[in-house]
Amino acid sequence: MATAGPVPALAERAASCADRLREADEVLLASHIDADGLTSAAVASSALERAGIPFETVFSKQLDAEEVAAIAATDYDTVLFTDFGSGQLDIIGDHEADGDFTPVVADHHQPADATTEFHLNPLLFDIDGSSELSGAGASYVLARALEPEDGDNRDLAALAVVGAVGDMQTTDGELVGANTAIVEEGRAAGVLETGTDLTLYGKQTRPLPKLLEYASDVYIPGVSNDQNGAIRFLDGLGIDLKEGGDWRRWVDLTDDERQTVASGLVQRAVSKGVSADRIDGLVGTTYTLVDEPEGTELRDVSEFSTLLNATARYERADVGLAVCLGDRGDALERARTLLSEHRRNLSEGLQWVKSEGVTREENLQWFHAGGRIRETIVGIIAGMAVGADGVERGTPIVAFAEKNDEEVKVSARGTPSLTRRGLDLSAVMREASQAVGGDGGGHDVAAGATVPKGTEEEFVARADKLVGEQLG
């Protein structure tokens with residue numbers, strides 16, 4: 001009899017998926033390659049290994065008809081899809097009907113209009129897949145159902161939380177819904193700690209002035225995006241910025257010093273007229289992986305997820321997976337190198353957007369980077385550009401970058417306040433792209449598409465109209 005597991009609504013479906021995997025001679029594990037996809041694969045592969053089920057792992061940036069056909073051409077009779085598969089159920093179902101393989105899907109994206117027996121997706125059980133359970137969360141629910149009788153997979157909750165945070169599932173600074181049950185299991189297993197702290201990115205690794213300079217989620221005039229301003233602000237608080245010649249980091253500060261900086265930031269924000277709800281966003285729930293060393297990217301969940309995203313965006317999913325599975329030697333070094341390259345590219349891309357500016361339509365704003373920004377990072381840069389000079393915070397942003405000679409990648413970003421008003425970029429990307437001969441989807445707050453080169457203007461016109469209809 002299946003235990004209720006972390007998400008009781010999914011327990012029965014998870015148990016049948018687990019039973020199907022146990023029946024397989026061997027399994028092909030196919031996963032998406034972003035932070036959520038990599039952690040999904042790590043959770044699933046750990047569970048398969050512990051259950052004694054032989055498997056091989058493959059990664060894909062986009063699961064299209066061609067990719068599914070390539071999977072069908074392998075000798076595997078059972079394929080486990082993690083962090084994708086639901087949106088491609090129609091294509092997968094055709095192969096299943098032809099007897100190519102039996103699919104088991106652990107995903108959280110909007111399902112296509114097709115069904116399959118072994119489909120574990122929170123959306124089928126009235127749980128929101130964009131904010132309450134990630135792909136890694138769905139994989140974790142499956143992993144708990146796959147436990148051998150003498151085993152316990154709750155330690156994998158740490159990776160599931162990395163996936164959820166990497167998938168931007170935090171609401172007002174913390175994980176909600178079914179994700180909270182996974183957090184609790186991670187805490188009970190002793191692999192995860194939660195606390196209340198500044199929500200700034202880079203508390204483990206960034207020098208203090210850089211931590212504040214780059215903290216643009218809550219824009220504080222005279223500190224954010226201002227290197228000298230950040231140093232002056234910290235000096236004014238009497239905080240020692242260096243120790244033994246090295247810059248101190250947030251993790252190096254005493255509790256009293258942290259309190260001083262946090263209070264100083266709030267006072268500065270208030271005096272500069274920053275709105276109260278944005279100031280509230282300065283403090284939130286933090287998730288710490290207690291088995292990782294202090295001062296490393298792996299200890300803080302948001303830094304871990306960024307490290308994984310960097311490996312994915314430079315086509316090195318193998319490196320990201322190895323780090324998830326515990327490689328702290330060559331794979332971690334390679335991941336760190338990719339992350340510094342990633343940061344440099346983001347910085348250069350952001351500078352380009354700031355200097356070129358965006359084009360405004362009635363309901364959205366957009367830019368076309370051509371070949372100047374990699375298509376794998378144009379969405380992140382679009383998100384970072386929001387709130388910069390000339391880029392409105394309260395308007396969805398759409399970004400284009402060349403994918404190849406025939407196709408253009410489109411990325412769209414919104415804000416939680418816009419989605420509360422009815423914005424659903426997943427629907428906008430899907431409808432506008434299909435109208436011009438492409439395809440797309442994603443989440444309400446962040447989505448993407450691929451369209452034929454030359455259709456961008458028509459795409460923008462359609463997307464603008466759709467956003468206008470949604471926001472009324």
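The following questions and answers concern a helix, a residue and a sheet in a predicted model.

Biologist: Which residue caps the N-terminal end of α17?

Modeller: Helix α17 covers residues 425–435. At its N-terminal end, a side-chain oxygen lies 3.1 Å from the backbone nitrogen of Ser426. The residue that supplies this oxygen is Asp424.

Biologist: What covers the buried residues of α17?

Modeller: The buried residues of α17 include Leu425, Val428, Met429 and Ala432. An α-helix has 3.6 residues a turn, so residues three or four places apart point the same way. The cover over the buried residues of α17 includes the strands β13 (407–413), β14 (439–442) and β15 (446–452), and the helix α18 (456–471).

Biologist: Is Glu407 buried, partly exposed or exposed?

Modeller: Glu407 lies in strand β13. Leaving aside neighbours within four places in sequence, Glu407 is in contact with Glu402, Thr450, Val451 and Lys453. Buried means under 20% relative accessible area and exposed means over 50%. Because its relative accessibility is 31%, Glu407 counts as partly exposed.

Biologist: Which strands are the edge strands of the open sheet with the order β2-β1-β3-β4-β5?

Modeller: This open sheet has 5 strands, and the pairing is parallel. An edge strand here pairs on one side only. The edge strands are β2 (55–59) and β5 (119–120).

Biologist: Which residue in β5 stands opposite Val105?

Modeller: Strand β4 takes in residues 102–106. It is joined to β5 by 2 bridges, and the two strands run parallel. Opposite Val105, in β5, stands His119.

Note on methods: Residues numbered from 1 in each chain as written. Predicted model: local features only at pLDDT ≥ 70, side-chain atom pairs only at ≥ 80, totals over all residues. Heavy atoms only, no water. Buried < 20%, exposed > 50% of the residue type's maximum accessible area, 1.4 Å probe, protein only. Helix = DSSP H or I, 4+ residues; strand = E, 2+ residues; numbered from the N terminus. Contact = heavy atoms within 4.5 Å. Polar contact = N/O pair within 3.5 Å; in protein donor to acceptor, adjacent residues only side chain to side chain. Pairing = 2+ DSSP bridges.
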